[in-house]
Structures are given as structure tokens and as C-alpha cells.
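Trainee: I'd like to learn how to read the features of a protein model. Could you take me through one, step by step?

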Amino acid sequence: MNSEIRFGIEEEYFITDLETRCMAGQPPAAAIEQCSKALDGCFAYEMFQGQIEVASPIFTGLSQAAGYLAAARSKLRGVLKPFGLGLVSAGSHPLADWRAQQATVQPHFCQLFEDFQWVARRSLWSGLHVHVEVPAAVDRVQVMNEVLPWTPLLLALSCSSPFVEGADSGFASYRQTACDEWPRMGVPEYFEDQQAYDAYVNWLLGNGSIRQASECWWGVRPAMCYPTLELRMTDACPRLADTLCIAALFRLLVACAIEQASPGASYSPTSRRVVQENRWRAKRFGIHGAFIVEGFDRAFSARQWLLRAEQLYGDAAQQLIMPDVFAQARSMLDEGTSADRQRRVYGQTLQVGADASAALVAVVDHLLADAAR
């Protein structure tokens, strides 16, 4: 197994007003310009002016990713602080109001707002995207089929969007629920291989459903511009350690799939239905869901499912020089996801006599602190 299998990570952030704790509707242009300079080519705009993205360089090891992203977060915080702004990395911003957000004026984003109207206008969500390189000789869609059954577990670990527009949504990842308003998000259609995938995309292009192939935004997909498989389902993670753990797990799954003689051979339309059901359970309940595992006649807890993954892939994690990845994932289960932690902070603040508004401010403060860990 290639211990230096290449990968990249994209983190999306909410720029936050440190006085009001709200998502910034229109940050000063100078602040955004300095963020761009600080990231030296790895900065990317998002749909709204109050969001930015770090698109990492290519990594060959987890320690590289840890060093780069820690430095990137630190640089951004340093640049934003003189403007009275901070950084939140989470699937949703608890105090964001979509009506107060200003669109980023770029042709691509303007077209999205024109095409999708309120669906686009209300899309105040931040995700964690992970790219893992797949050799040219290996069918990326078959690799995708091999790893898809595990993606709801990764989603469950990442859940960080319980609060939306100042209220508890009842979901661990409301971001994934909102994603279902868009076409071609969520679980990919069933494709046997890359040829079938390409034929479907070409059909969409030919009948005018999409303008470009990248408008297939599924939770896992073959990337359009890179020779990678891209994870898109997961929420942005407040804590960098959680980002790195989820990226490592996805890299591990792809690396193991690549090594198989026939990756994805057991994936079927029934498998896809199982993934869809597990995704629902993950976005609703997070790590507290009961999950379906093909071949077993009982439900799995997230902890049992993770143990199953460790039994199958633990040796490979050692070969990829990621010996602590399952221990880190277990610690996430022990402490709870960001969604769990946010709700704890909210409840504890209410218990000491604060009102709901103050409790939400406490949640934002918690997220600001987590982004600096």
C-alpha cells in the first residue's frame, strides 16, 4: 500500500462579528484581501461575502495537513482580529440570518443565485471536503462505490449544524437536510463504473440540466478538475483534530479500495438504499443513531460501526502511518460531536439563568474557541 497516497482538504469558514457574534454580512474588503494574501494562493471565495475557504496544497502525510491547516487558521484569525472579526468552522452559524448576507459578486455565484433563487439565498452552510488521489488505471466510480457505505459514519462524526437561524433544528446536521433542496446532492445515483457516470453527466449536459459537469454536487464524487475522489458530505469541523481524523478515515477507505482487485463489486442498488437510510439517521441523530450494516440482521451503534471499520482497516491505518486515527475517532464518540457540544453549552447557559439569546452567544463563543484549538 502506498503510504504517501496524496490528498487535500478544503475547509469553509464563517466570518463572525466579535461584538454581535453574528455572521458578518459584508466584511470590509480590506479584511478579505488580507485573508487572501495570508493564504498565498490557497484562498477561495464562497457564495457569500461572509464565508471564505481554505483549499489546501497537496499532502502526502497527515502531519503535513495538521501543520498547514493549523497555520492557515492562525493566520486568518490574526488577519481578521484587527477588524473585529473572528473565524467559525461549523456546518451552520447559530446566529446567521440569510436575509442579512451579501452575495459574492462573481459570475459563477451570480449564476447560482439566478438559477436556484431562495435555495441558493438560504444556503449558509460550511462543509469539509477531502480529496484523495486515485491512480489513473483505477476506476474512480468503482472506488466510490466501495467507500460509499461508510460515508454516513463520517457524516455522523462531523455533525456540527444543529442550530439554524437562532433555533435548534432538531437535527445533528441540518446542513445535510438543507442540501436536499438542491439537485444532485446527497447520495449519488447508482453507477456501475466511470463510463456509466460519464454517460449520465453527458446526458445532463446534453439536455440542458446542467451547464458544467461540476454541477453534480453529490456527497462523494469523482472530482472534475483533479484525479481524485472527493468527499463532500461532511460538515465543517470546529476542531482541527476532528477535521484531520475524518480526512484520515476517508483517505484510509480510498486507499484500501484502490488495493482491491474489484472495488465496489458488492455495491448494488440495495446498497445505495442502505446508504440513503443511514445518511438520514446520521443527519438526524448524529453519533446517537442506529445504523444498518449490510450482511447483519441487527442495528449497529456508531461505536460498533467504528469498531467494525477498525477490524477491517486497522492494519492498513498502520501502513499509512496513521496509527491513532481510530483512537481519535473513539475520543470523538466519547466527548460527542460538535453538535452535541453546542447543545451542551446552550443547555448549561440556560441553566444558570440566561435567556435563549445569551445561550446562542455562548454557543458562538464556544465555536470561536474551538476554531483556535
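Trainee: Let's start with one residue: is Cys35 buried or exposed?

Mentor: Cys35 counts as buried, at 0% relative accessibility. Buried means under 20% relative accessible area, exposed means over 50%, and partly exposed is in between (1.4 Å probe, protein chains only). Before we go on, some ground rules: this is a predicted model, where local features need pLDDT of at least 70, side-chain atom pairs count only at pLDDT 80 or more, and totals for chains, interfaces and linings use all residues. Residues are numbered from 1 along each chain as its sequence is written, and side-chain values use heavy atoms, with hydrogens and water left out.

Trainee: How many disulfides does the structure hold?

Mentor: A disulfide is a pair of cysteine sulfur atoms within 2.5 Å. Here there are zero. Take Cys35 again: the closest cysteine sulfur to its own belongs to Cys42, 14 Å away, which is too far for a bond. Cys237 is in no disulfide either, as the nearest cysteine sulfur, in Cys245, is 8.9 Å away. Cys237 is buried too, with a relative accessible area of 3%.

Trainee: OK, charges next. How many salt bridges are there?

Mentor: The general idea is that side chains of opposite charge can pair when their charged atoms come close. We call it a salt bridge when a side-chain nitrogen of Lys or Arg is within 4 Å of a carboxyl oxygen of Asp or Glu. This structure holds 21 of them. In one, Arg21 meets Asp365, at 2.6 Å from N to O. Arg21 lies in the loop between strand S1 (7–17) and helix H1 (29–39), and Asp365 lies in helix H13 (residues 356–371), so the pair ties together parts that are 344 residues apart in sequence. Those labels come from DSSP runs numbered from the N terminus: helices (H or I) have at least four residues and strands (E) at least two.

Trainee: Which residue does Lys37 form a salt bridge with?

Mentor: With Glu33, and the closest N and O atoms are 3.5 Å apart. The two sit four residues apart in helix H1, about one helical turn. Lys37 is exposed at 61% relative accessible area, while Glu33 is partly exposed at 46%. Salt bridges can also link up: Arg239, Asp242, Glu335, Arg341 and Asp370 are in one network.

Trainee: Now the empty spaces. How much space lies in the largest pocket?

Mentor: First, the method. On a 1 Å grid over the protein atoms alone, a cavity is a set of points where a 1.4 Å probe fits but cannot get out; a pocket is an open set with protein on both sides within 12 Å along at least five of seven lines, and lining residues have an atom within 4 Å of a point. Grid points are joined across faces, edges and corners, and a volume is the space filled by probe spheres set on the points. In this model the largest pocket has about 990 Å³. It is lined by 38 residues, with Glu12, Glu46, His129, Trp217 and Arg232 nearest its centre.

Trainee: What kinds of residues line the largest pocket?

Mentor: The lining has 17 nonpolar, 12 polar and nine charged residues. Ala, Val, Leu, Ile, Met, Phe, Trp, Tyr, Cys and Pro count as nonpolar, Asp, Glu, Lys and Arg as charged, and the others, Gly among them, as polar.

Trainee: And how many cavities of 30 Å³ or more are there?

Mentor: One, with a volume of about 70 Å³. Its lining has nine nonpolar residues, no polar and no charged ones. Helix H8 (240–259) is among the elements that give two or more residues to that lining, and the largest share, three residues, comes from H8.

Trainee: Last one: how many aromatic pairs are there?

Mentor: Rings of Phe, Tyr and Trp (its six-membered ring) pair if their centres lie within 6.5 Å; planes under 30 degrees apart count as stacked, over 60 as edge-to-face and the rest as tilted. This model has 23 such pairs. Phe43 and Tyr45 are edge-to-face, 5.0 Å centre to centre with 85° between the planes. Phe43 is buried at 13% relative accessibility, whereas Tyr45 is partly exposed at 39%. Tyr190 and Tyr267, by contrast, are stacked, with 5.9 Å between centres and 25° between planes.
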